[in-house]
Amino acid sequence: MANPRLRGWRKWAKKDWAIAAVGFTIILFALTLLFDSRNPTSSSSSTFNLPSNHLIPLTLLHRAKATGAFCLDGSLPGYHFQKGFGSGSNHWLLHIEGGGWCNSIETCEIRKRTALGSSKYMDPLIPFDGILSHQSSQNPDFYNWNIVKMRYCDGASLAGHPESEFKNGTKLFFRGQLIWEAIMSELLSLGLSKAKQALLTGCSAGGLATLIHCDDFRAHLPKDATVKCLADAGFFLDEPDILGNRTMSNFYHDVVQLQGVAKSLHKKCITEMEPSKCIFPQQIIKNIRTPLFIVNPAYDFWQVTCSNTTICLLLNAISFLIIGSITDWIIIRYNTS
């Protein structure tokens with residue numbers, strides 16, 4: 001007869017050992033971050049810290065009042081803009097900020113009290129690093145381009161619609177699609193309409209927004225312009241998690257239903273399957289006509305370890321601490337027009 005203690009251990013190991021492994025992974029990352037922050041020779045501190053005179057101011061989109069393009073709390077959306085020069089004067093790079101999603105009235109209420117749901121909490125000045133940097137040594141391809149960082153404050157990858165507002169008597173503004181259109185309108189008036197080359201990019205939820213709006217971005221620009229899109233760490237999978245639950249599928253379903261995202265998704269897809277399936281990149285890319293790059297970490301920490309709602313929320317909270325620390329990036333797809 002099998003030892004009852006051994007049987008209990010085996011039963012526990014099916015689920016709880018996986019969660020324990022995730023906990024150990026989180027602790028390991030936290031220790032790594034702590035070590036790097038205390039290491040005076042850390043390369044990131046010397047390479048990416050820009051002096052204060054290179055901080056880029058936040059521009060609030062005042063014309064958004066006319067179109068009703070508001071953040072979750074009703075405040076004005078915003079962006080940061082660094083004007084191009086020299087050979088990059090007619091070249092544009094737009095980057096959409098990431099930051100997860102809200103899938104319920106309760107989570108959107110929490111979110112609207114942060115910079116991811118309200119411009120009231122956004123930093124008025126930020127540095128431009130990496131692909132946004134003005135330094136040729138750090139960003140040789142785009143340093144002199146017109147560079148825009150679009151702030152993310154709707155909680156649905158710039159794809160929500162006002163028809164889904166005011167549920168349960170709660171005043172929330174689901175205006176992501178209107179925010180996208182309003183910012184595009186302003187940038188077109190600032191010179192984007194004359195672009196010779198243009199790249200739309202975004203990270204995480206901003207990467208998903210890049211996929212959703214890629215063809216629309218291309219449609220606004222001159223026909224002879226070279227236009228491409230790059231989704232960075234935005235390829236979320238419609239697959240069961242390590243416990244066999246469809247966490248991401250259920251989560252996306254709630255986001256799509258709450259904010260009316262289906263109207264921003266490809267019409268052909270939503271006529272063939274449940275709309276929340278059409279927000280997954282594996283479906284979106286089937287209909288994108290614009291040249292597209294998809295970049296993901298070799299091991300996506302958030303997706304690999306996201307085993308249930310509790311852990312996902314914890315990982316979402318610490319994701320901003322580790323983003324940018326993974327340097328082993330791989331390009332997994334290039335789709336030419």
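Let me begin with a question: does F173 count as buried or exposed, and at what relative accessibility? Before I answer, please keep in mind that what we are looking at is a predicted model. F173 has a relative accessibility of 12%, and because buried means under 20%, F173 counts as buried.

F173 also has an aromatic partner, F70, whose ring centre lies 5.6 Å from that of F173, and since the two planes stand at 80 degrees, the pair is edge-to-face. F70 is in the loop between α4 (64–67) and β2 (78–82), whereas F173 is in the loop between β5 and α6, so that the pair links distant parts of the chain, 103 residues apart. F70, for its part, has a relative accessibility of 16% and therefore counts as buried. A search of the whole structure finds nine aromatic pairs, and I would like to show you one more of them.

That second pair is W101 with F236, again edge-to-face, with 5.1 Å from centre to centre and 80 degrees between the planes. W101 sits in the loop between β3 and α5 (105–111), and F236 in the loop between β7 and α8, so this pair ties together parts of the chain that are 135 residues apart in sequence. Both W101 and F236 are buried, and they belong to one aromatic cluster together with F251, Y252 and F280.

W101 brings us to the nonpolar core. In soluble globular proteins, nonpolar side chains tend to be buried together. Here the largest nonpolar core has 61 residues, and those that touch the most other members are L94, W101, L192, F217 and I279. Among the elements that give two or more residues to this core are the strands β3 (91–96) and β5 (146–150), and the helices α6 (176–189) and α7 (205–219). If you would like to follow a single residue, take F217, which, once residues up to four places away in sequence are set aside, touches L94, W180, M184, L192, A198, L199, L200, V227 and K228. There is also a second, separate core of 11 residues, which includes I56, F142, L199 and L230.

Let us now look at α6 on its own. How many of its 14 residues are buried? The count is 10, so α6 is largely enclosed by the rest of the structure, and among these buried residues are G176, W180, M184 and L188. We can also check its length, because at 1.5 Å a residue the 14 residues of α6 should span 20 Å, and the end C-alpha atoms are indeed 20 Å apart, which agrees. Just after this helix, G191 takes a positive phi of about 130 degrees.

A positive phi also appears in two residues that are not glycine. The first I will mention is L158, with phi near 55 degrees, which lies in the loop between β5 and α6 and is buried, with a relative accessible area of 1%. The next is A233, whose phi is about 55 degrees; A233 is found in the loop between β7 and α8, and at 12% relative accessibility A233 counts as buried.

I will finish with N287, in the loop between α10 (281–284) and β8. Its relative accessibility is 19%, and because the cut-off for buried is under 20%, N287 counts as buried. Leaving aside neighbours within four places in sequence, N287 is in contact with D215, H266, K268 and C269.

Terms used:
Residues numbered from 1 in each chain as written. Predicted model: local features only at pLDDT ≥ 70, side-chain atom pairs only at ≥ 80, totals over all residues. Heavy atoms only, no water. Core = buried A, V, L, I, M, F, W, Y, C linked by side-chain atoms within 4.5 Å. Buried < 20%, exposed > 50% of the residue type's maximum accessible area, 1.4 Å probe, protein only. Helix = DSSP H or I, 4+ residues; strand = E, 2+ residues; numbered from the N terminus. Contact = heavy atoms within 4.5 Å. Expected span 1.5 Å × (residues − 1). Phe/Tyr/Trp six-rings, centres within 6.5 Å; stacked < 30°, edge-to-face > 60°.
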